[in-house]
Amino acid sequence: GKQKNIIATQTMNDFVGLEGASATVLAAMIDFSFYLKSKDIDKAFEAIKTINSIDVWTNLTPICINMRRLDLVELCLKKMKHVRGLAAMNDVENEPEVEVKL
């Protein structure tokens with residue numbers, strides 16, 4: 001008989017919400033993912049700092065929180081234009097306990 005080929009697609013976590021993104025955004029995210037997996041966090045964020053997609057920054061915020069990089073959490077919130085999140089960051093900025101900040 002005839003053989004049926006079935007192909008399933010699954011979006012990688014770093015690319016959720018970017019299914020319709022431009023080639024530029026996708027290339028930046030590929031660079032980001034590469035550098036992140038290489039543990040070069042600063043280069044990873046350098047690769048995507050010009051991206052203005054709220055979906056990108058929304059997806060990256062939990063990653064930054066898990067890495068305990070408050071500077072990058074703040075960058076994500078700024079790119080998302082998340083006023084309440086930025087206000088909360090300012091409230092804890094002077095907090096002496098690191099654990100309270102996160």
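Is C76 buried or exposed in this predicted model? At 0% relative accessibility, C76 counts as buried, and the views below start from this residue.

**View 1. Close-up of the cysteines C64 and C76, whose sulfur atoms are 3.7 Å apart.** C64, like C76, has 0% relative accessibility and therefore counts as buried. The closest cysteine sulfur to that of C76 is the one in C64, and because a disulfide needs sulfur atoms within 2.5 Å, the 3.7 Å between them is too far for a bond. In keeping with this, the structure holds 0 disulfides.

**View 2. Close-up of the packing of helix α1, residues 23–37, with helix α2, residues 41–48.** The axes of the two helices come within 8 Å and cross at roughly 175°, which means that α1 runs roughly antiparallel to α2. On the α1 side the contact involves A28, M29, D31, F32, Y35 and L36, which meet I41, K43, A44, F45, A47 and I48 of α2. Sorted by character, the residues of this contact comprise 10 nonpolar and 2 charged, with no polar ones.

**View 3. Close-up of the largest nonpolar core, which has 23 residues.** Those with the most contacts inside this core are M29, F32, F45, I48, V56, W57 and L60. At least two core residues come from each of α1, α2, α3 (54–66), α4 (70–80) and α5 (83–92).

**View 4. Close-up of the surroundings of F45.** Leaving aside residues up to four places away in sequence, F45 touches F32, W57, L60, M67, L72 and L75, together with the cysteines C64 and C76.

How values were computed:
Residues are numbered from 1 along each chain as its sequence is written. This is a predicted model: local features need pLDDT of at least 70, side-chain atom pairs count only at pLDDT 80 or more; totals for chains, interfaces and linings use all residues. Side-chain values use heavy atoms; hydrogens and water are left out. Buried means under 20% relative accessible area, exposed over 50%, partly exposed in between (1.4 Å probe, protein chains only). Axes are lines fitted to C-alpha atoms, for helices over the stretch in contact, and angles run from 0 to 180 degrees between N-to-C directions. Helices (H or I, at least four residues) and strands (E, at least two) are DSSP runs, numbered from the N terminus. Angles under 35 degrees count as roughly parallel, over 145 as roughly antiparallel, 65 to 115 as roughly perpendicular and the rest as oblique. Contact means heavy atoms within 4.5 Å. Ala, Val, Leu, Ile, Met, Phe, Trp, Tyr, Cys and Pro count as nonpolar, Asp, Glu, Lys and Arg as charged, and the others, Gly among them, as polar. A nonpolar core is a set of buried Ala, Val, Leu, Ile, Met, Phe, Trp, Tyr and Cys residues joined through side-chain atoms within 4.5 Å.
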